[in-house]
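Load the model in your viewer and get your selection tool ready. We'll go stop by stop, with something to select each time.

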Amino acid sequence: NPKALISREEMATMAARALKLSGLSVQRVNERIESFEDKNRIQSWSKESIALAVKYEIIKGQADGKFAPSNKATRAEAAVIMYRLYNTK
């Protein structure tokens, strides 16, 4: 649905797919989400993707220590993620 709003969880999943296409390591990443206070709110289908995006610092948690997976992504967050993806080595 191209006109629908996107969650932070969905955005991290798309970013992780781009990282995987670039050939970056995807091993042993799941422990990256353990530090988020709301880790239990992260859906099982997105855990690995969020962990990968966090590992490569494409996306970060919020200032309050949460990831906020179901929050809608802002334009600013999307722009930062695009910038970080572009500059990932």
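The tour below goes from helix pairs to single residues.

Some ground rules before you click: this is a predicted model, where local features need pLDDT of at least 70, side-chain atom pairs count only at pLDDT 80 or more, and totals for chains, interfaces and linings use all residues. Residues are numbered from 1 along each chain as its sequence is written, and side-chain values use heavy atoms, with hydrogens and water left out.

**Stop 1: α1 against α2**

Select residues 8-21 for helix α1 and residues 47-55 for helix α2. Helices here are DSSP runs (H or I, at least four residues; strands would be E, at least two), numbered from the N terminus. The two axes come within 8 Å and cross at roughly 70 degrees. Those axes are lines fitted to C-alpha atoms, for helices over the stretch in contact, and angles run from 0 to 180 degrees between N-to-C directions. That makes α1 and α2 roughly perpendicular to each other; angles under 35 degrees count as roughly parallel, over 145 as roughly antiparallel, 65 to 115 as roughly perpendicular and the rest as oblique. The crossing of α1 past α2 is left-handed, a label used if the near helix is turned anticlockwise from the far one by less than a right angle, with right-handed if clockwise.

Now show side chains. Which residues of α1 meet α2? On the α1 side they are Glu 9, Ala 12, Thr 13, Ala 16, Leu 19 and Lys 20, and they meet Glu 48, Ser 49, Ile 50, Leu 52 and Ala 53 in α2. Contact means heavy atoms within 4.5 Å. Colour that contact by class and you get six nonpolar, two polar and three charged residues. (Ala, Val, Leu, Ile, Met, Phe, Trp, Tyr, Cys and Pro count as nonpolar, Asp, Glu, Lys and Arg as charged, and the others, Gly among them, as polar.)

**Stop 2: α1 against α3**

Keep α1 and add α3, residues 75-86. This pair packs at an angle of about 15 degrees with axes 11 Å apart, so α1 and α3 are roughly parallel to each other. Their crossing is right-handed. Arg 8, Met 11, Ala 15, Ala 18 and Leu 19 of α1 make the contact with Glu 77, Ala 78, Ile 81 and Leu 85 of α3. By class, that contact has seven nonpolar, no polar and two charged residues.

**Stop 3: the core**

Select Ile 50, Ile 59 and Phe 67: these have the most contacts inside the largest nonpolar core, which has 19 residues. Such a core is a set of buried Ala, Val, Leu, Ile, Met, Phe, Trp, Tyr and Cys residues joined through side-chain atoms within 4.5 Å. Buried means under 20% relative accessible area, exposed over 50%, partly exposed in between (1.4 Å probe, protein chains only). Outside a window of four places in sequence, Ile 50 touches Glu 9, Ala 12, Ile 33, Ile 42 and Phe 67.

Stay on α2 and pick out its buried residues: Ser 49, Ile 50, Ala 51, Leu 52, Ala 53 and Val 54. What covers them includes α1.

**Stop 4: Ala 53 and Leu 19**

Is Ala 53 buried or exposed? Ala 53 is buried, with a relative accessible area of 0%. Beyond four places in sequence, its contacts are Ala 12, Leu 19, Ile 58 and Ile 59.

Hop to Leu 19 in α1, which is buried too, with a relative accessible area of 2%. With neighbours within four places left out, Leu 19 is in contact with Leu 24, Leu 52, Ala 53, Tyr 56, Ile 58, Leu 85 and Thr 88.

**Stop 5: Leu 24**

Leu 24 sits in the loop between α1 and α2. Draw a C-alpha distance from Leu 24 to Lys 89: the two are 65 residues apart along the chain and separated by 8.6 Å. Leu 24 touches Leu 19, Tyr 56, Thr 88 and Lys 89, not counting residues up to four places away.

**Stop 6: two odd phi values**

Most residues other than glycine have a negative phi. Click on Glu 57, just after α2, and you'll find a positive phi of about 55 degrees. Then try Ala 68, in the loop between α2 and α3: phi is positive there as well, about 60 degrees. Ala 68 is buried, with a relative accessible area of 6%.

**Last stop: Ser 7**

Finish in the segment before α1, at Ser 7. Ser 7 is buried, with a relative accessible area of 6%, and touches Pro 69, Ser 70, Asn 71, Lys 72 and Ala 73, leaving aside residues up to four places away in sequence.
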